[in-house]
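Q: Could you take a close look at one part of this model for me, the nonpolar side of things? I'd like one connected walk-through.

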Amino acid sequence: MDRGAESSRIDKPRLRKSHELLTCTIKTPPFSYAHLELLTDPPDAAVELDNLQVKSYCTAALRQFLGLTGSAIALDILKVEARQCWVRVPRHDLGSFAAALTAWKGTSDGGLQYLLRIKQCSDWLGMMVGSDGQDRLWNS
């Protein structure tokens, strides 16, 4: 073996195959998310939600439960689809929001009773979206 080739292999520093550029851990996200569903009585009523109804129902529940303080909770409607919707609230207000919707008796119009039910809540939207369809898997 050639002495020059051996020394060049020894003198070279070992290179890493990967480098860590940035590490970031989010411990307390600023927002929480809730997946809501509209229930009606009778259940076979052909009713779909819209943004205005979601805002109105949530505000009514918050106002009934917490008064003016409840109606001041920021609420962002992310998506409304048929009888389901996804909303975003400040993380520290999620408990109050969930309690208000749980305690809300709903509203009635023309003999129909309307009620928003919380299907799931999470600090991470991806956790809720990824679990969509699990009920169909286990309840089929």
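A: Let's start with patches: these are made of residues with over 30% relative accessible area and no salt bridge, where like charges are joined within 9 Å and nonpolar side chains (Val, Leu, Ile, Met, Phe, Trp, Tyr) within 5 Å. A salt bridge here is a side-chain nitrogen of Lys or Arg within 4 Å of a carboxyl oxygen of Asp or Glu. Accessible areas come from the Shrake-Rupley method with a 1.4 Å probe, and for residues only the protein chains shown count as cover.

Bear in mind that this is a predicted model, in which local features need pLDDT of at least 70 and side-chain atom pairs count only at pLDDT 80 or more, while totals for chains, interfaces and linings use all residues. Residues are numbered from 1 along each chain as its sequence is written, and side-chain values use heavy atoms, with hydrogens and water left out.

On the surface, Ile26, Trp124 and Met127 make a nonpolar patch of about 350 Å². Ile26 sits in the loop between helix 1 (3-11) and strand 1; helices (H or I, at least four residues) and strands (E, at least two) are DSSP runs, numbered from the N terminus. Ile26 has a relative accessible area of 52%, so it counts as exposed (exposed is over 50%, buried under 20%, partly exposed in between, with a 1.4 Å probe and protein chains only).

Now for the inside. A nonpolar core is a set of buried Ala, Val, Leu, Ile, Met, Phe, Trp, Tyr and Cys residues joined through side-chain atoms within 4.5 Å. The largest one has 24 residues, and Leu36, Phe97 and Leu116 touch the most other members. Strand 1 (31-41), helix 2 (51-66), strand 3 (84-90), helix 4 (94-103) and strand 5 (112-122) each supply at least two residues of this core, with helix 2 giving the most, 5 residues. Leaving aside neighbours within four places in sequence, Leu36 has contacts (heavy atoms within 4.5 Å) that include Cys58, Val87, Phe97, Leu101 and Leu116.

Another loop worth a look is the one between strand 1 and helix 2, where you'll find Val47. Val47 is at 14% relative accessibility, so it counts as buried. Not counting residues up to four places away in sequence, Val47 touches Leu38, Arg83, Leu112 and Tyr114. Val47 and Tyr114 are 67 residues apart along the chain, with their C-alpha atoms separated by 9.6 Å.

Zooming out, the protein has 6 helices and 5 strands, and 30% of its 140 residues count as buried.
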